[in-house]
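User: Please take a close look at one part of this model, the place where two neighbouring strands meet. I would like one connected account of that part and of what surrounds it.

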Amino acid sequence: MDLHAGCLNEQVENVLDLFDAQARESGVEVIRYLDRDVPSILLEPQTLQAALVNLVKNSLEAMPDGGRLEVRTRQTIFGVALDLIDNGCGMDQKTAIHMFEPFYSTKNGGSGLGLPMTQRIIDSHGGRIDVDSVVGHGTKFTIEFPTPKRIG
């Protein structure tokens with residue numbers, strides 16, 4: 001994959017804009033806290049957007065009766081982090097343990113490939129993905145990307 005310097009905020013904005021109408025129709029308030037001072041990361045726009053689309057789609061599906069999705073970028077010691085925090089249905093421990101396994105799904109008609117693909121894309125960007133979820137309270141995905149020592 002051909003990675004080049006890019007702005008995580010720009011990728012996040014593009015994906016959130018794609019889901020704007022769906023979020024409004026579902027009664028989901030999307031709150032954007034994007035730190036304008038985060039440094040560039042190495043990324044491949046189309047694959048990274050595919051991963052972000054999957055995560056936002058999952059968050060919206062977890063809130064069929066409305067809710068709140070907080071999207072936050074921030075600088076960390078290791079690079080740049082993206083937090084996606086919803087107050088949807090959450091996941092039980094069994095689901096959280098298996099969610100990155102191919103073909104594991106709790107959705108009717110779900111392929112079980114979305115989150116494994118998302119994890120592979122994040123890995124290919126040198127990043128990592130973590131999840132914290134509580135049934136009935138929501139889910140927080142945190143993706144952290146390293147910043148290159150020098151871009152150029």
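Analyst: In this predicted model, Leu-84 stands opposite Phe-141, a residue of β7. The strands concerned, β5 (79-86) and β7 (138-146), pair in the antiparallel sense over 8 bridges. Leaving aside residues up to four places away in sequence, Leu-84 touches Thr-139, Lys-140 and Phe-141, and its contacts also include Leu-69, Glu-70 and Val-71 as well as Leu-55 and Val-56.

The pairing of β5 with β7 belongs to an open sheet of 5 strands with mixed pairing, in which the order is β2-β4-β5-β7-β6. Because β2 and β6 (128-134) stand at the edges with a single partner strand each, one side of each of them is left without a neighbour in the sheet. Direction ignored, neighbouring strands of this sheet are turned by 10° against each other on average. Against the sheet packs α1, which touches β2, β4, β5 and β7, and whose direction makes about 170° with that of β2.

Leu-84 is also one of the residues that touch the most other members of the largest nonpolar core, a set of 31 residues; the others are Leu-8, Val-12, Val-56, Val-71, Leu-82 and Ile-143. At least two residues of this core come from each of α1, β2, β3, α3, β4, β5, α5 and β7, and α3 gives the most, with 6 residues. In soluble globular proteins, nonpolar side chains tend to be buried together.

The helix α3 (45-61) therefore deserves a closer description, beginning with its length: its 17 residues should span 24 Å at 1.5 Å a residue, and its end C-alpha atoms are 24 Å apart, which agrees. At the start of α3, the backbone nitrogen of Gln-46 has a side-chain oxygen of Glu-44 within 3.2 Å. Among the buried residues of α3 are Leu-55 and Val-56, together with Leu-48, Ala-51, Leu-52 and Asn-54; Leu-55 and Val-56 are contacts of Leu-84.

Leu-55 leads on to another helix, since Thr-118 touches Leu-55 along with Ala-51, Asn-54 and Ile-129, again not counting residues up to four places away in sequence. Thr-118 is found in helix α5, which covers residues 114-124, and it counts as buried because its relative accessibility is 0%, where the limit for that term is under 20%. Leu-55 is thus a residue touched both by Leu-84 and by Thr-118 of α5.

Notes
Residues numbered from 1 in each chain as written. Predicted model: local features only at pLDDT ≥ 70, side-chain atom pairs only at ≥ 80, totals over all residues. Heavy atoms only, no water. Helix = DSSP H or I, 4+ residues; strand = E, 2+ residues; numbered from the N terminus. Buried < 20%, exposed > 50% of the residue type's maximum accessible area, 1.4 Å probe, protein only. Contact = heavy atoms within 4.5 Å. Core = buried A, V, L, I, M, F, W, Y, C linked by side-chain atoms within 4.5 Å. Pairing = 2+ DSSP bridges. Axes fitted to C-alpha atoms, helices over the stretch in contact; angles between N-to-C directions. Expected span 1.5 Å × (residues − 1). Polar contact = N/O pair within 3.5 Å; in protein donor to acceptor, adjacent residues only side chain to side chain.
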